[in-house]
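Q: I'm a first-year student and I'd like to take a slow, close look at one part of this model. Could you walk me through it in plain words?

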Amino acid sequence: MTPLIRTPRSLQGRLLLLVLSGVALVWLVTAALTWFDVRHELDELLDGHLAQAAALLVLQQGGEVENEGRGIDAPMLHRYAPRVAFQVFHEGRLALRSANAPAGPMAGAGPPFAAGFRTVQIEGLAWRVFAAQGAERDVQVYVGEQIGSRGAILRAVLRSTLWPMAVALPLLVLAVGWAVHRGVQPIRRLGRSLAERQPQALHPVAFGDLPAEMLPMIDALNGLFERIALLLQSERRFTADAAHELRTPIAAIRMQAQVAMGEADGARRQHALQGMLEGCDRAARLVEQLLSLSRLEAAEMVQAPAMAAVDLRALARRVVAELAPRAIGKRQALAFEGDTPCTLPGNETLLAVLVRNLVDNAVRYSPAGARIRVAVRPEDGQAALQVEDSGPGLAEADRQRLGERFFRVAGSEESGSGLGWSIVRRIAAVHGLALEVGPSTALGGLSVRVVHENCPDRAGA
Amino acid sequence: MRILLAEDDSLLGDGLRAGLRQLGFLVDWVRDGEAAERELRAQPYEAAVLDLGLPRKDGLAVLEAIRRAGVKTPVLVLTARDAVPDRIRGLDLGADDYVVKPVDLHELAARLRALVRRAHGQPQECLSVRDVVLNPAARSVRRAGEPVALSAREFDLLQAFMLGADRVLSREQLEQQLYSWGQEVDSNAIEVHIHNLRRKLGATLIHTVRGVGYMLQRDAPPP
């Protein structure tokens, strides 16, 4: 269903339409009220005149009924006179009348005589007639007036009300149009300045002379600019960090390649070539981690990852099976514990990355022959995961800094990017999981527990 | 030439050590800032390659500390930080050169040789004393234009003498210049090498200062 008048898209058009239709409506209502009021007053006034004229005629007739033969037609004295007529009857005879009055009484159809006002048709015209009679009932007076003349007066009054409106409306259109145009000027200016902005110009919009109604919008816009600037800044920092971090493995690959090229000894060349391969693996792993971290951040900012009920026990067991060959290669005892299925709402892919990172860290940073235990069990009705090892553990200061991008524990022989913990932290945050890092009471090394944030025993841990 | 390498990345450190060794440097490798500072203060290295992002003590802090302690060893900063303010800060704190990773092995070696030369007030590429000319880059020695075949140790010893010409060097100093960590030092190895050098380059080049050490004399003694 389309409305009769489509609301204009432009603020200017909308204001113009509203103001003008409002003004026109008020004017028309005023004209209508004036019409009714004037008609009422006019009727009262003219009826009063008719009654008074009739009374005069009745009084006058008392002394002049004998003037027979002198002619009964009174002279015309005014240009309105043809529209007014009177008749005086004396004892049933027409004694006096105005020139335009008919011969018969202006009583119309109905009873022969009734005092008071009535409206009658005479020769096709509507007349307002007042009838009166003398005290002895021998004199009857009719005073009439064409109703059409009242209409003419009314129309004249109405014309004088409506004419100025007809003239004023176009002027009003111009005036309102100009005023609205001036009023929306700041909005237009704002639009232009926003359109001309460079994409990287994220400084806030100045309030300046903008109307107060627009301040909430400008505030929201500035808030958005600020958030975009923050996002951009973190992206830039991330790119710079990533580039820096990639420099070291690339430098290592290059160095090992040059060593291999210049090495005559077969075993040493083999060692350098092995180093090149290791460097490539490291760079690839770093790129992999950077990508998953940036994907995670993007996902967090754009939309939440798809969540479903995930069987944590099955997932952890799968990850342990995946990493077992590495642990066996280091002669480590990697064990999995989990008697009851534990589900938690989450994204299976992300949770697998989290568990893999934790177990991988344990394998990586525990020495050969170490024991590593991965356990999944319900705690207070929530699924909890614990990864423990018998490795060297972590100093309190280092524990504090875990998860800082590219932070690496000093003196660790293993090559790492320091990104694994950043990834783990983010995934935990997305899932509302808390990470508890501390010494392992069972194995003596490091213990990492992943529990639900609202777990009541969190404070005690 | 014995240098200290301070690099925490195991793969890069391993490559740098192997590569620089190929090019004739004696390389001691430390993996953290505290060890780097300790070694630089304790040993007379010809030069040091210092990574900035070192654990325990940041490379710049190490640099500041050793310069304040009066260590004059030329330091080449090798880092992933390439922002201009970082470079300026590094150079202001006493770095002699600033190289951004990744670096070419030969360029790094050339820069180190240049640093060592400059530290000894010798701007030319080759060291020369009398009719002996030593080319550190090519690791070659000529006497009166004729090539002289020297073993690696003899070459290093001659380079140490030529860099410290007209100064008496003790046997301990020479040993420190000649052997990196973990290398066994024979009790009379220095004497054997000096004997060989005298045989190949003339008896008057290196003097024995009894009870103190040895000295290479720049000017030939009057006949």
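Within how many Å do the axes of helix α6 and helix α7 of chain A come, and at roughly how many degrees do they cross?

A: Sure! One heads-up: this is a predicted model, where local features need pLDDT of at least 70 and side-chain atom pairs count only at pLDDT 80 or more, while totals for chains, interfaces and linings use all residues. Residues are numbered from 1 along each chain as its sequence is written, and chains are lettered from A and ligands numbered from 1 in the order in which they are written.

Now your pair. The axes of α6(A) (residues 312–329) and α7(A) (residues 348–365) come within 9 Å and cross at roughly 35 degrees. Helices here are DSSP runs of H or I with at least four residues, strands are runs of E with at least two, and both are numbered from the N terminus. An axis is a line fitted to C-alpha atoms, for helices over the stretch in contact, and angles run from 0 to 180 degrees between N-to-C directions.

The crossing is right-handed, meaning the near helix is turned clockwise from the far one by less than a right angle. On the α6(A) side, the residues that meet α7(A) include A:L315, A:V319 and A:L323. Among their counterparts in α7(A) are A:L351, A:V355 and A:V359. Contact means C-beta atoms, placed from the backbone, within 7 Å. By class, this contact has eleven nonpolar, no polar and four charged residues. Nonpolar covers Ala, Val, Leu, Ile, Met, Phe, Trp, Tyr, Cys and Pro; charged covers Asp, Glu, Lys and Arg; the others, Gly among them, are polar.

Next, have a look at where the chains touch. That contact takes 23 residues from chain A and 20 residues from chain B. Helix α1(B) (residues 10–22) gives the largest share of chain B's side, nine residues. Chain B's side has nine nonpolar, four polar and seven charged residues.

Follow α1(B) and you reach a sheet: α1(B) lies across β1 (2–6), β2 and β3 of chain B, running at about 170 degrees to β2(B). These strands belong to an open sheet of five, ordered β2-β1-β3-β4-β5, with parallel pairing. Pairing needs at least two DSSP bridges between two strands. The edge strands, β2 (26–30) and β5 (97–100) of chain B, each pair on one side only. Inside the sheet, four bridges join β3(B) (residues 47–51) to β4(B) (residues 75–79), with B:V77 as the bridge partner of B:L50.

Note on methods
Two residues are in contact if their C-beta atoms, placed from the backbone, lie within 7 Å.
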